Amino acid sequence: PILKVKETLTPAQLQLLSCAALANMAEEIESLDNLVESGVIPLLMQVLTTSHEWKSDTNAVRREACRALGNMCVSPDIGRLVLKENALPPLLAMIQGENEAPCSRMAALCL
């Protein structure tokens, strides 16, 4: 059951798996409107802009959040919504920063 899994995961692992699941769902064009309507864009933006006490996993979580946003940005309308959420500064920081290369690539996909 999902509740048992939740009890065995750290907050970082739970957030990583959640972002990865959203990214996988966002690969299906048919799911995009449902994802937007459920409010995932602000939640994913929160992942990108919040610092966490579990620094070692932050890049992986942010990478998956960027992958979800990048998959959603396939739609130009959704891309505009992402930019309206003030996504540009954190995405540019990820591209220009000293993050691992996969983070930079996923951030670039959003733009």
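**Close-up views of a predicted helical chain**

**View 1. The residue that follows helix α6.** Just after α6, asparagine 86 adopts a positive phi of about 65°, where a helix is a DSSP run of H or I that spans at least four residues, with numbering from the N terminus. The model is a predicted one, in which local features need pLDDT of at least 70 and side-chain atom pairs count only at pLDDT 80 or more, whereas totals for chains, interfaces and linings use all residues. Residues are numbered from 1 along each chain as its sequence is written, and side-chain values use heavy atoms, with hydrogens and water left out.

**View 2. The two sides of helix α6.** Within α6, which covers residues 76–84, Ile78, Gly79 and Val82 are buried, a term that stands for under 20% relative accessible area, while exposed stands for over 50% and partly exposed for values in between (1.4 Å probe, protein chains only). These buried residues lie on the same side of α6 because they cover an arc of only 105° around the axis, the arc being taken from the directions from the helix axis to the C-beta atoms. On the other side of α6, Pro76, Asp77 and Lys84 are exposed.

**View 3. Glutamate 28 in the loop between α2 and α3.** The loop that holds glutamate 28 runs between α2 (11–26) and α3 (32–37). Glutamate 28 is partly exposed, its relative accessible area being 44%. Although glutamate 28 and asparagine 71 are 43 residues apart along the chain, their C-alpha atoms are separated by 8.6 Å.

**View 4. Cysteines without a disulfide.** A search of the whole structure finds 0 disulfides, a disulfide being a pair of cysteine sulfur atoms within 2.5 Å. The closest cysteine sulfur to that of cysteine 66 belongs to cysteine 110 and is 4.6 Å away, which is too far for a bond. Cysteine 73 is likewise in no disulfide, and its nearest cysteine sulfur, that of cysteine 110, is 5.2 Å away. Cysteine 66 counts as buried at 0% relative accessibility, and cysteine 73 also counts as buried, at 15%.

**View 5. The protein chain as the setting for the close-ups.** The protein chain contains 8 helices and 0 strands, and 39% of its 111 residues are buried. Of the contacts (heavy atoms within 4.5 Å) between residues at least 6 apart in sequence, 67% join residues at least 24 apart.
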